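Q: I would like a close look at one part of this protein, and at what surrounds it. Could you take me through it step by step?

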Amino acid sequence: MHEEFSFFRHQVDHIISRKHGGLSGEDNLAYACLRCNTWKGTDISSVDLRSGNLVRLYHPRLDNWDAHFLIRGSVIEPLTEEGTVTARLLKLNLNKRVAERGLLIAAGRYPARASALSCLQAL
């Protein structure tokens with residue numbers, strides 16, 4: 001969601017954390033909502049529970065949102081392993097987040113296109 005509709009200000013996030021060698025340059029920074037930034041922490045990947053593969057998280061500087069996610073109603077549906085691990089790790093479809101997203105959509109305050117969305121938006 002856009003920062004103006006969030007209870008807390010968004011934060012600058014290191015896409016690849018400094019702990020893993022990420023730098024503080026613009027190409028490694030993204031704007032993240034407080035919840036997503038907290039849940040992501042320093043993670044750069046997660047295990048896909050279906051395949052058992054270690055999969056990198058969605059990268060807002062390198063990846064196209066539409067290739068990894070689809071908005072269906074107020075649910076963010078992952079389309080790829082990267083989308084799946086990112087949606088699970090960031091808890092994108094927690095019941096209260098889906099309900100909140102639904103209210104914003106109904107009020108015309110949520111982007112109509114999935115490509116306009118990203119909890120980790122390029123700065």
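Which elements do the buried residues of helix α3 pack against?

A: Happy to take you through it. This is a predicted model, in which local features need pLDDT of at least 70 and side-chain atom pairs count only at pLDDT 80 or more, while totals for chains, interfaces and linings use all residues. Numbering starts from 1 along each chain as its sequence is written, and side-chain values rest on heavy atoms, with hydrogens and water left out.

First, the helix itself. Helix α3 spans residues 81-89, and its buried residues are Gly83, Thr84, Val85, Thr86, Ala87 and Leu89. Here helices (H or I, at least four residues) and strands (E, at least two) are DSSP runs numbered from the N terminus, and buried means under 20% relative accessible area, exposed over 50% and partly exposed in between, with a 1.4 Å probe and protein chains only. Those buried residues of α3 pack against two other helices, α1 and α2 (65-68), and against the strands β3, β4 (54-56), β5 (69-72) and β6 (75-78). Just beyond the end of α3, Lys91 adopts a positive phi of about 55°.

Now for the setting. The chain holds four helices and seven strands, which follow one another from the N terminus as β-β-α-β-β-α-β-β-α-α-β. Of its 123 residues, 39% are buried. If we take contacts (heavy atoms within 4.5 Å) between residues at least 6 apart in sequence, 56% of them join residues at least 24 apart.

Let's go round the neighbours of α3, beginning with α1. This helix covers residues 34-40 and includes Lys40, while Asp13 sits in strand β1 (residues 11-14), so their pairing ties together parts that are 27 residues apart in sequence. The pairing in question is a salt bridge, with N to O at 3.4 Å, and both Asp13 and Lys40 are buried. A second salt bridge joins the side chains of Arg35 and Glu100, N to O at 2.9 Å. Arg35 belongs to α1 and Glu100 to helix α4 (residues 95-106), so this one links distant parts of the chain, 65 residues apart. Arg35 is partly exposed at 28% relative accessible area, and Glu100 also counts as partly exposed, at 27%. The rule for a salt bridge is a side-chain nitrogen of Lys or Arg within 4 Å of a carboxyl oxygen of Asp or Glu; it gives a count of four. Another of them brings Glu77 and Arg72 together, with the closest N and O atoms 2.6 Å apart. In that pair Arg72 is exposed, with a relative accessible area of 51%, whereas Glu77 is partly exposed at 27%.

One more residue of α1 deserves a stop: Asn37. With 14% relative accessibility, Asn37 counts as buried. Setting aside neighbours within four places in sequence, Asn37 is in contact with Gln11, Val12, Asp13 and Ala32.

Around β4, α2 and β5 there are aromatic rings to look at. Three aromatic pairs turn up in the whole structure. Tyr58 and Trp65 have ring centres 5.4 Å apart and planes at 85°, so they count as edge-to-face. Tyr58 and Phe69 are edge-to-face as well, at 5.4 Å centre to centre and 75° between the planes. Tyr58 lies in the loop between β4 and α2, and Phe69 in strand β5, so this pair ties together parts that are 11 residues apart in sequence. For such pairs (rings of Phe, Tyr and Trp, the last by its six-membered ring) the centres lie within 6.5 Å, and planes under 30 degrees apart are stacked, over 60 edge-to-face and the rest tilted. Ring pairs thus link Tyr58, Trp65 and Phe69 into a cluster. Both Tyr58 and Trp65 are buried, Tyr58 with a relative accessible area of 6%, and Phe69 is buried at 1%.

Finally, β3 takes us out to the surface. This strand covers residues 45-47 and includes Val47, which is partly exposed at 38% relative accessible area. Val47 joins Leu49 and Leu54 in a nonpolar surface patch, with about 320 Å² of accessible area together. Patches use residues with over 30% relative accessible area and no salt bridge, joining like charges within 9 Å and nonpolar side chains (Val, Leu, Ile, Met, Phe, Trp, Tyr) within 5 Å. Areas follow the Shrake-Rupley method with a 1.4 Å probe, and for residues only the protein chains shown count as cover. The chain exposes about 7,000 Å², with 54% of it supplied by carbon and sulfur atoms.
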